[in-house]
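Work through these exercises with the model open beside you. Each task is followed by a worked solution.

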Amino acid sequence: MTTTDAATAARELFTALTGAAPAGLWSAPGRVNLIGEHTDYNDGFVLPFAITHRTVAAVSPRSDRVVRVASTFAPDAVEVPLGDLDDLFPARRDEIAEWARYPLGVVWALQGHAASDATGFDIAIASAVPVGAGLSSSAAIECAVAVAVDELWALGLDRSALALAGRRAENEAVGAPTGVMDQMASMHGEADAAIFLDCRSLKARAVPLGFAEAGLEVLVIDTRVSHAHSTGGYRERRASCELGARLMGVPALRDLGVDDLPRAQELLDDVTFRRVRHIVTEDQRVLDTVRTLGEEGPLAIGALLLASHASMRDDFEISVPELDTAVATAMAAGAVGARMTGGGFGGAAIAVVDRGLVSPVTAAVEQAFADAGYRAPHIFTVTPAAGAGRA
Ligand code: GLA
């Protein structure tokens, strides 16, 4: 589905739900992370960009204090009185259908900023962001609803505050212990630029990528190996990072530099050390990538992307064979750089490739997946694009 299709679908779903046209359409993009993985919840640095694939929310205020959400993902709408949200989240979230926790969680997270007699909403959602591909379809839902609610409740919150409301929905209403990168990318995205974000200060700066001028495209290779961050590996990695910081006597791994790694190796068990080494070196790679983009341009960032992938594969251990195959094959077919992107354990890899090599790289990866007996990947290009707003 394209973003235009999603806008049409959201509008039609809204009309089917309410019998009327929506007051407006708001939308927010998915994101690709260029570099800086699992650094966000360690107070570190990330360099994601928003993409043209967007989630659209058709919304109208209601006259009562009820929120009703519908989505093309699910047959039935979910209806909750605003006054019940505090009881439901986080303690009784299991009573709400999973997909509905994202939009309702955002309304819950923003409710504290609204007037006590604020009325509810009808919300219909459709998405052009592929689900489960590591492109932050969940942040796109959260941010589309956040900008709609901000405008209709006249909250006047800034983009970072809305991103934080989205993260709170994700952490507490959905129950996924993620950082703030995805929501910040979706809120702050700019055309042709990545967002260099300090996840401690939340200072965000647009960094021109210059991909188009350099004749480069970003290929997303969705392995279609599904992942979920509310369970398992993601939570474990986060716990290892917190343990590493505690044992090293710092508030967060952000506070360590590569010079601290010898001491970390002496002090920590092997697994915790390797988790720490990934974060510390990844923070440095983000800084190096920002500098390299500015000084030498995008053709020079390949080695940093590859080092990032190797660190995730060997030290953080969040890659899967499909992602490693995607990266190795793209490189062998002439990519400038490639790495897995997002939380890992499945999802997508990105490859930065010369425009003329999009077809051969795509064909090579498809062939390698077929030869290995993997499910056929979805491969498509993405373009750095603007953040959330009116559709
Ligand atoms: C997921 C999370 C983000 C971030 C990445 C890994 O996308 O939602 O907060 O931790 O994984 O970099």
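**Exercise 1.** What covers the buried residues of H5? Check the length of the helix as well.

*Solution.* The model is predicted.

Step 1. Start with the extent of the helix. H5 covers residues 159-174. At 1.5 Å a residue, its 16 residues should span 22 Å. The end C-alpha atoms lie 21 Å apart, which agrees.

Step 2. List the buried positions, taking buried as under 20% relative accessible area. In H5 they are Ser 160, Leu 162, Ala 163, Ala 165, Gly 166, Ala 169, Glu 170, Ala 173 and Val 174.

Step 3. Recall helix geometry. An α-helix has 3.6 residues a turn, so residues three or four places apart point the same way.

Step 4. Name the cover. It includes helix H3 (98-111), helix H4 (137-152) and helix H6 (181-188).

**Exercise 2.** Find how many residues of strand S6 are buried, then identify its partners.

*Solution.*

Step 1. S6 spans residues 193-198. Six of the six residues are buried, so the strand is largely enclosed by the rest of the structure.

Step 2. Sort the side chains. Ala 193, Ile 195 and Leu 197 point one way. Ala 194, Phe 196 and Asp 198 point the other way. In a regular strand the side chains alternate between the two faces of the sheet.

Step 3. Take the pairing with S2 (residues 45-61). S2 and S6 are antiparallel and share two bridges. Phe 45 stands opposite Asp 198.

Step 4. Take the pairing with S7 (residues 204-208). Five bridges join S7 to S6, again antiparallel. Ala 194 has Val 207 as its bridge partner in S7.

Step 5. Inspect the hairpin. Five residues separate S6 from S7, and Leu 202 takes a positive phi near 65°.

**Exercise 3.** Work out the strand order of the open sheet that contains S8, and place the helix packed on the sheet.

*Solution.*

Step 1. The four strands run in the order S9-S10-S8-S11, with antiparallel pairing.

Step 2. Find the edges. They are S9 (337-341) and S11 (378-382), each pairing on one side only. The twist averages 25° from one strand to the next.

Step 3. Check one pair. S8 (residues 216-222) and S11 are joined by five bridges. Val 218 has Val 382 in S11 as its bridge partner.

Step 4. Add the helix. H11 (residues 321-332) packs on the sheet and touches S8, S9 and S10 (348-354). Its direction makes about 165° with that of S9.

**Exercise 4.** Which residue lies over the face of Trp 108?

*Solution.* Arg 168 does, at 4.2 Å from the ring centre.

Conventions:
Residues are numbered from 1 along each chain as its sequence is written. This is a predicted model: local features need pLDDT of at least 70, side-chain atom pairs count only at pLDDT 80 or more; totals for chains, interfaces and linings use all residues. Side-chain values use heavy atoms; hydrogens and water are left out. Two strands pair if DSSP finds at least two bridges between them. Axes are lines fitted to C-alpha atoms, for helices over the stretch in contact, and angles run from 0 to 180 degrees between N-to-C directions. Contact means heavy atoms within 4.5 Å. A charge sits over a ring if NZ of Lys or CZ of Arg is within 6 Å of the ring centre and within 35 degrees of the ring normal. The expected span of a helix is 1.5 Å times one less than its number of residues. Buried means under 20% relative accessible area, exposed over 50%, partly exposed in between (1.4 Å probe, protein chains only).
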